[in-house]
Amino acid sequence: MTKTALVTGANKGIGYEIAKRLLESGFRVLVGARDQERGETAVTALQAFGDAHLILLDVADLNSVDNAVKTITENHPELSLLVNNAGIPGDMHKVGWEFAVKDLQATHQVNFIGPFALSKGLLPLLIANKGTIQNISIPIEPLPYFNAFAYTTSKAPLNVMTKSWGMSFEKKNIPVEIFTVMPGAVSTDLNGRMTGDYVKTPVQAAELIVNFVLDEENHNGQVINFDGTLSVY
Ligand SMILES: NC(=O)c1ccc[n+]([C@@H]2O[C@H](COP(=O)([O-])OP(=O)(O)OC[C@H]3O[C@@H](n4cnc5c(N)ncnc54)[C@H](OP(=O)(O)O)[C@@H]3O)[C@@H](O)[C@H]2O)c1
């Protein structure tokens with residue numbers, strides 16, 4: 001039977017390449033995009049690789065999340081993989097106290113509250129289908145060369161959710177796996193298409209990320225670095 005995946009923020013960057021890899025691996029892919037036109041353009045391109053469908057989904061808007069959950073529950077009850085990929089960095093240059101509260105909230109909404117609401121809404125389907133939630137995240141330890149306050153504080157709860165939900169799934173014998181992959185630096189619009197020896201292309205990042213879905217190992221509760229080691233957070 002064809003497996004169905006939802007990838008959020010799949011109209012460009014890493015999400016687009018994750019969608020492409022999943023299609024090439026035989027998944028039906030629901031391509032999450034917040035903008036109709038950008039979404040349709042991506043879906044048209046992705047249909048060359050398999051069964052791709054647009055799902056309008058703005059993770060910053062809880063009504064949009066609810067509508068997407070309803071649409072998927074009605075039309076794709078077979079959903080077995082949710083990839084929480086959509087994300088924004090916030091201002092990567094401001095120091096912590098310079099953020100306006102509303103700007104910090106906006107980053108947290110996209111990077112955590114939206115993925116939480118979506119995961120919660122789709123959980124009944126994922127339980128029924130023994131599915132997987134995969135989050136795309138970053139290391140949350142502030143470092144001298146990477147101290148992006150809104151970005152790290154908004155991804156931290158996603159990493160905690162991975163461990164917390166994973167622990168509860170196991171304890172309550174709920175047949176769902178949740179794990180996070182941190183792909184390292186990837187050249188995308190999010191970081192002004194940074195370059196460097198250590199920087200991956202979105203294609204390389206997507207291959208790494210999708211391999212953790214396809215490897216048939218149990219990653220429940222894990223926050224995984226790009227080199228395969230597990231992160232404490
Ligand atoms: N690039 C890196 O170095 C790196 C490293 C580690 C983790 N990540 C994570 O990887 C994920 C993808 O990032 P990327 O580098 O591929 O960035 P990107 O090229 O900027 O793509 C981000 C995607 O998220 C979508 N998005 C933003 N806000 C959204 C919202 N409110 N609702 C739905 N979709 C929304 C964007 O849609 P629009 O086109 O409409 O803006 C776009 O499709 C993010 O979670 C990021 O934190 C990235």
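Let me start with one word, buried: I'll call a residue that if 20 or more other C-beta atoms lie within 10 Å of its own. If the count is 12 or fewer the residue is exposed, and in between it is partly exposed. One more thing before we look around: this is a predicted model.

Okay, with that in hand, let's go to strand β2, which covers residues 28-33. How many of the residues of β2 are buried? Five out of six, so by that count the strand is mostly covered.

Now, who sits beside β2? One partner is strand β3, residues 52-56, and the two run parallel, joined by five bridges. If you want a spot to click on, take Val29, whose bridge partner in β3 is Ala52. To get from β2 to β3 the chain goes through helix α2, residues 36-46, and that β-α-β unit is right-handed.

The other partner I want to show you is strand β1, residues 4-7. It pairs with β2 in the parallel sense too, over four bridges. Here the pair to look at is Leu6, which stands opposite Leu30 in β2. The path from β1 to β2 runs through α1, and this β-α-β crossover is right-handed.

Let's stay on β1 for a moment. Which way do its residues point? Thr4 and Leu6 go one way, Ala5 and Val7 go the other way, and all of them are buried. That fits a general pattern: in a regular strand the side chains alternate between the two faces of the sheet. β1 also pairs with strand β4, residues 79-84, again running parallel, with four bridges. Find Val7 and you'll see its bridge partner in β4, Val83.

So, on to the core. The largest nonpolar core has 63 residues, and the ones touching the most other members are Ala5, Leu6, Val7, Ile18, Ala19, Val29 and Val31. Which helix gives the most to this core? That would be α5, residues 149-171, with seven residues.

Val31 is a nice one to zoom in on. Leaving aside neighbours within four places in sequence, its contacts include Val7, Ala10, Ala19, Ala42, Leu46, Leu54 and Ile55. His53 and Asn11 are among its contacts as well.

Next, the ligand. There are 29 residues around it, and Gly9, Gly13, Ala86, Gly87 and Thr188 come nearest. Where does the largest share of that shell come from? From helix α1, residues 13-24, which supplies three residues. Taken by type, the shell divides into 14 nonpolar, nine polar and six charged residues.

Let me take you to a few less covered places. His76 sits in the loop between α3, residues 62-75, and β4. Is it buried or partly exposed? Partly exposed, because it has 18 other C-beta atoms within 10 Å, and buried would take 20 or more. Not counting neighbours within four places in sequence, His76 is in contact with Thr4 and Leu30. Its C-alpha atom is 9.9 Å from that of Leu6, although the two are 70 residues apart along the chain.

Thr73 is in helix α3. It has 14 other C-beta atoms within 10 Å, so it is partly exposed. From Thr73 to Ala106, the C-alpha atoms are separated by 27 Å, with their positions 33 residues apart along the chain.

Last stop, two loop residues with a positive phi. Lys130 has a phi near 50°, and it is not a glycine. You'll find Lys130 in the loop between α4, residues 101-128, and β5, residues 132-136. It counts as exposed because 11 other C-beta atoms lie within 10 Å.

The second one is Glu216, with a phi of about 60°, and again this is not a glycine. Glu216 belongs to the loop between α6, residues 202-214, and β7, residues 223-225. Why is Glu216 exposed? Because there are 5 other C-beta atoms within 10 Å, and 12 or fewer is the cut-off for exposed.

That's my tour, so please rotate the model and have a look for yourselves.

Note on methods
Residues numbered from 1 in each chain as written. Predicted model: local features only at pLDDT ≥ 70, side-chain atom pairs only at ≥ 80, totals over all residues. Near = placed C-beta within 6 Å. Nonpolar A, V, L, I, M, F, W, Y, C, P; charged D, E, K, R; others polar. Core = buried A, V, L, I, M, F, W, Y, C linked by C-beta atoms within 7 Å. Contact = placed C-beta atoms within 7 Å. Pairing = 2+ DSSP bridges. Right-handed = clockwise from strand over helix to strand, strands pointing away.
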